[in-house]
Amino acid sequence: MSILAAALAWLASPSHWMGSTGILARSVEHLGLTFLIVALAAAVAVPVGTWIGHTGRGRWLVSATGAARAVPTLGVLTLAGVWLGIGLAAPTLALLILAIPPLLSATYSGIASTPRVTVDAARAIGLTEAQVLTGVEAPHAAGLVAAGVRSATLQVIATATLAAYTADYGLGRFLYAGLKTRDYAQMIGGAIVVVALALAVDAALAALTRALGAHTHSLPETGNNSSKESQ
């Protein structure tokens, strides 16, 4: 039997899906960790990216954090594991370093790319800076921010398998356990589940990105109409 056929047979076994260490439970753990990391990264990156894009200050920070993408996540995880010990703290830190740059870059780009004529028209009709940000720049940036969330989420889903390196958590356990025991059916089966999970989440986020992108394209025209009305 080929390794792929053995992996499919492993996936077809109901006993591998149920229980606290089954595929369903591990998938929930994996998704939970992914969404936690993306939420924490967004809590940091979106406000900072919005401030940089709106004020034009601190652009160097976007470039500096972008360089963090070149840092090997496994290396960061190893160092964090030595520092923080066994558990989820180390992979959380390593995955945050991975997730923040695309979110920061997308937020900054979305805010900064708002057409100046639209922003100037909003100010000309008396909107405050806060109103310009929330009513003009933020809606314009929504599509790009959603794309950044999509990119960060997919990276984290794929890389969150490393959480099993320091913790008995997530779908990575199937990969590590399969490799350790030479149970390649389990290892390939776990990898297939990760791919399927990533594709399902990507499809949902792609639909959200398209919806926000369609809304974004209508904003410049609206802004120009407001400018004409103010004249």
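These legends walk through several close-up views of a predicted model.

**View 1. A nonpolar patch on the surface.** Here we look at Trp83, Leu84, Leu93 and Ile97, which together make a nonpolar surface patch of about 390 Å². Two helices contribute to this patch: α4 (73-84) and α5 (89-112) each supply at least two of its residues.

**View 2. Ile97, one member of the patch.** Stepping in on a single side chain, we find Ile97 in helix α5. Its relative accessible area is 34%, so Ile97 is partly exposed, since that class lies between the buried limit of 20% and the exposed limit of 50%. Ile97 shares the nonpolar patch with Trp83, Leu84 and Leu93.

**View 3. A salt bridge within helix α2.** Side chains of opposite charge can pair when their charged atoms come close. In this view the partners are Arg26 and Glu29, whose closest N and O atoms are 3.2 Å apart. Both residues belong to helix α2 (residues 23-55), where they sit three residues apart, about one turn of the helix. Are these two side chains buried or exposed? Arg26 counts as buried because its relative accessibility is 5%, and Glu29 is buried too, with a relative accessible area of 19%. The cut-off for buried is under 20%, so the value of 19% for Glu29 falls inside it.

**View 4. Arg123 with Glu129.** Another salt bridge joins Glu129 to Arg123, and here the closest N and O atoms are 3.0 Å apart. Glu129 counts as partly exposed because its relative accessibility is 40%. Arg123 is also partly exposed, with a relative accessible area of 33%.

**View 5. Arg173 with Asp168.** The side chains of this pair meet in a salt bridge, at 3.3 Å from N to O. How exposed is each partner? Arg173 has a relative accessibility of 26% and therefore counts as partly exposed, whereas Asp168 is exposed, with a relative accessible area of 52%. Because exposed means over 50%, Asp168 passes that limit.

**View 6. The salt-bridge network.** Pulling back a little, which residues are linked in a network of salt bridges? Arg26, Glu29, Asp168 and Arg173 are the ones to look for. The network brings together buried Arg26 and buried Glu29 with partly exposed Arg173 and exposed Asp168. For the model as a whole, the count comes to six salt bridges, among them Arg26 with Glu29, Glu129 with Arg123, and Arg173 with Asp168.

Terms used:
Residues numbered from 1 in each chain as written. Predicted model: local features only at pLDDT ≥ 70, side-chain atom pairs only at ≥ 80, totals over all residues. Heavy atoms only, no water. Patch = residues over 30% accessible without salt bridge, like charges linked within 9 Å, V, L, I, M, F, W, Y side chains within 5 Å. Areas by Shrake-Rupley, 256 points an atom, 1.4 Å probe, with all protein chains shown as cover. Salt bridge = Lys/Arg side-chain N within 4 Å of Asp/Glu carboxyl O. Helix = DSSP H or I, 4+ residues; strand = E, 2+ residues; numbered from the N terminus. Buried < 20%, exposed > 50% of the residue type's maximum accessible area, 1.4 Å probe, protein only.
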